[in-house]
Amino acid sequence: MTKLSFEDKRIAAGQTLGVAPEGIPRHIAIIMDGNGRWAEKQGKPRFYGHSKGGAIVEKIALYCVDLGIEYLTLYSFSLQNWKRPKEEIDFLMGLYSLYLEGIRDTLMNSNVRLAHLGSLDRLPQKVVDTLAETIEMTGGNDGMTLGLALNYGSRTEITEGVKAIAKECLEGKLKIEDIDHDCISDHLYTAGWPDPDLLIRTSGEMRLSNYLLWQISYAEFYVTEKYWPEFDKCDLDDAIKIYANRSRRIGDVKPQSIV
Ligand code: IPE
Ligand code: IPE
Ligand code: MG
């Protein structure tokens, strides 16, 4: 079977969605929010929403592979989420191990590489191990990169990056005048990745909740009222169509290409 390039896939996807190939983002970041409210709306416990939300991940990730998306970055647990009740955290941690194991065949069959954004501190050993094994197993895949922001906080990511830069300066490996935007980007979890073009948040909230603050500098926002467990391919199509029709001026008076 011939392997289609990202470009080939974006041309085909553009035709299907009625947008130019450049209208298909290279990097989509998603804040998957609303699992609890979705469950509560139906009189079910929050856990039920998390299970359903986890199942949606695989569907959306596979669809992104078809569309020619190169990077899909999903916010699944923030450093601030440790404030939640222990039972909910325990349930979520169990779910991450389960899904990370369960998704392996799909990742291998679809040539998807898994990457982790976040800290390993406080994560249960089982989650650390399943993450490491899945990252290792999929490391040779050169199709889409699926970035899982798990135990992630952007301010902590930037703080750690700044510390690493300061250390390199003290050790004489880096000169202060060489610290520029690229240098800072290279000290984040997303080193070497293009910045997100499109940031999607479900459940209607208009905030970033400490997600990719540096990287989304010029990302386009798309917020849908739908809760994450009810987000489907058509919603992603809508987000992309709206993105494709935005005028990304990046400070200029006419649209710019930043790809
Ligand atoms: C997002 O859904 C999943 C996580 C943060 C783990 P929520 O659990 O935040 O659901 P709501 O926002 O309370 O409805
Ligand atoms: C953001 O959702 C984090 C994730 C989706 C993992 P939250 O539900 O934690 O965000 P807030 O509390 O509404 O800002
Ligand atoms: Mg929430």
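Which element gives the most to the lining of the largest cavity? In this predicted model, that turns out to be α3, with three residues. There isn't much competition for the title of largest cavity, as the structure holds one cavity of 30 Å³ or more. The space inside comes to about 40 Å³. Its walls are made by Glu 58, Ala 61, Leu 62, Ile 103, Thr 106, Leu 107, Ser 110 and Val 112. Two elements, α3 and α5 (104-109), each give two or more residues to this lining. Sorted by class, the cavity lining has five nonpolar residues, two polar ones and one charged one.

Next come the pockets. The largest pocket has a volume of about 790 Å³. It is lined by 37 residues, and the ones closest to its centre are Met 32, Asn 35, Tyr 75, Ser 76 and Phe 77. Two or more lining residues come from each of α2 (35-41), α3 (46-67), β2 (71-78), α4 (86-102) and β4 (145-152). Helix α3 turns up here again: it supplies seven residues, the largest share of the lining of the largest pocket. As for the kinds of residue in that lining, 17 are nonpolar, twelve are polar and eight are charged.

The second largest pocket holds about 470 Å³ of space. Its lining is made of 23 residues, with Ser 185, Trp 193, Pro 194, Asp 195 and Gln 215 nearest the centre. Here the split is eleven nonpolar, six polar and six charged residues. Where does this pocket sit relative to domain 1 and domain 2? Domain 1 (23-152 + 195-205 + 216-243) and domain 2 (154-193) both give residues to its lining, so the second largest pocket lies between them.

Now for the sheet. Strands of a sheet pair through backbone hydrogen bonds, and they can do so in a parallel or an antiparallel way. In this model, six strands form an open sheet with parallel pairing, in the order β3-β4-β2-β1-β5-β6. At the edges are β3 (113-117) and β6 (220-223), each of which pairs on one side only. From one strand to the next, the twist averages 20°.

A look at one end of the sheet fills in some detail. Five bridges join β3 and β4 in the parallel sense. One residue to look for is His 116, whose bridge partner in β4 is Leu 148. Packed on the sheet is helix α6 (residues 125-138), which touches both β3 and β4. The direction of α6 makes about 140° with that of β3.

Conventions:
Residues numbered from 1 in each chain as written. Chains lettered and ligands numbered in written order. Predicted model: local features only at pLDDT ≥ 70, side-chain atom pairs only at ≥ 80, totals over all residues. Heavy atoms only, no water. 1 Å grid on protein atoms, 1.4 Å probe; cavity = no way out; pocket = protein on both sides within 12 Å on 5 of 7 lines; lining within 4 Å. Points joined across faces, edges and corners; volume = space filled by probe spheres on them. Helix = DSSP H or I, 4+ residues; strand = E, 2+ residues; numbered from the N terminus. Nonpolar A, V, L, I, M, F, W, Y, C, P; charged D, E, K, R; others polar. Domains from an automatic or database assignment. Pairing = 2+ DSSP bridges. Axes fitted to C-alpha atoms, helices over the stretch in contact; angles between N-to-C directions. Contact = heavy atoms within 4.5 Å.
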